[in-house]
Structure formats: structure tokens, C-alpha cells
Amino acid sequence: MSTYLVDFDFRQEDLVKSFYFLNYKKYNLTLGELKRKYIFVKKKKLVVKVSVGDIQYIKVEGKYLELYTRDDIFLVRSTLQNMLIDLPIEFIKVHQSYVVNIEKVDSFNPEENVININRMAIPISRNLKKVFLSKYYMP
């Protein structure tokens, strides 16, 4: 029996999402059931249900994440890595401090390294720009 060592540069959240995506038939789930549809976040003294599809982008702010929707901003104490694992594949890390919902992207300026969502300019890092362009840009 041969053993192969393969050296690939994978991010943990990509591997986890791929695992669930490729094995959804094994667990007799539909693709929609694999996606987390809602999260519960604290807002003042209440715990509020937020639709994941309503989240436009996520910004790291110290030990907290700011979840931006069209109407509100929610603070969550979590790491970006942990949040990404639980989010559907439409959420893409574009910067050390930003994750965008690809469904909410209005435009992208490759010369200025900026993604525009609802008139908000979100920076995209040079390394992650290459990944973004290879997946979504059709010249």
C-alpha cells in the first residue's frame, strides 16, 4: 500500500464547506438544509433572529464582528474563522477584516481593490483578489 503526501494550501473553512457540500447526499439532505438560514444575536437586552441571507458583509472590529444588514448592524463576539465555518458558501473572505456575501455585491473595482455593497466600499486584499477574480470574474 502506498502513502501519498499532498501539499495544498487550503483554508479550514473551505475544507469544511466542501466536506458538507460533497457529502450532502450521504446524509440525505437537500442543499438548502446545509445552509444556516438564521443566526441569533444579542441586540441590547434582546436576542434577535437575523436571516443569514440579509447579511451584506461582516467586518472585524477587535474581538467582535459587525454584521451589516441593509437596516442594522449587529455585534457578535466571535472570531472570523468560526463565523465562516457556519456560513454558507456565498460568504467570501476578501480581506483580513472583511467577509462579503457575494449575493449582495453591486460592483467591483479591480484597479482600486474595492468591492461595493450598498454604496459601501469594502477593501479587498491583493492575495484574496486573485481568488475572487478567478472564481467570479468573467472577462
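Colleague: In which strand does lysine 59 lie?

Modeller: In this predicted model, lysine 59 lies in strand 3.

Colleague: How should its accessibility be read: is lysine 59 buried, partly exposed or exposed?

Modeller: A residue counts as buried under 20% relative accessible area and as exposed over 50%. Lysine 59 has a relative accessible area of 23%, so it is partly exposed.

Colleague: Which residues does lysine 59 touch, leaving aside those up to four places away in sequence?

Modeller: Its contacts are Tyr64, Leu65, Glu66, Tyr68, Ser97 and Tyr98. For serine 97, the C-alpha atoms are separated by 5.6 Å, although the two residues are 38 residues apart along the chain. In addition, the side chains of lysine 59 and glutamate 61 are joined by a polar contact of 3.5 Å.

Colleague: How many aromatic pairs are there?

Modeller: Two rings pair if their centres lie within 6.5 Å, and planes under 30 degrees apart count as stacked. The count here is 3 aromatic pairs. In one of them, tyrosine 57 and tyrosine 68 have ring centres 4.4 Å apart and planes at 10°, so this pair is stacked. Tyrosine 57 belongs to strand 3 (residues 57–61) and tyrosine 68 to strand 4 (residues 64–68), so the pair ties together parts 11 residues apart in sequence. Tyrosine 57 is buried at 5% relative accessible area, and tyrosine 68 also counts as buried, at 14%. Ring pairs link Tyr57, Tyr68 and Tyr98 into a cluster.

Colleague: Over which ring does the charged end of lysine 49 sit?

Modeller: It sits over the ring of tyrosine 38, 4.3 Å from the centre. Arginine 77 lies over the face of tyrosine 64, 5.7 Å from the ring centre.

Note on methods: Residues numbered from 1 in each chain as written. Predicted model: local features only at pLDDT ≥ 70, side-chain atom pairs only at ≥ 80, totals over all residues. Heavy atoms only, no water. Phe/Tyr/Trp six-rings, centres within 6.5 Å; stacked < 30°, edge-to-face > 60°. Helix = DSSP H or I, 4+ residues; strand = E, 2+ residues; numbered from the N terminus. Buried < 20%, exposed > 50% of the residue type's maximum accessible area, 1.4 Å probe, protein only. Lys NZ or Arg CZ within 6 Å of the ring centre and 35° of its normal. Contact = heavy atoms within 4.5 Å. Polar contact = N/O pair within 3.5 Å; in protein donor to acceptor, adjacent residues only side chain to side chain.
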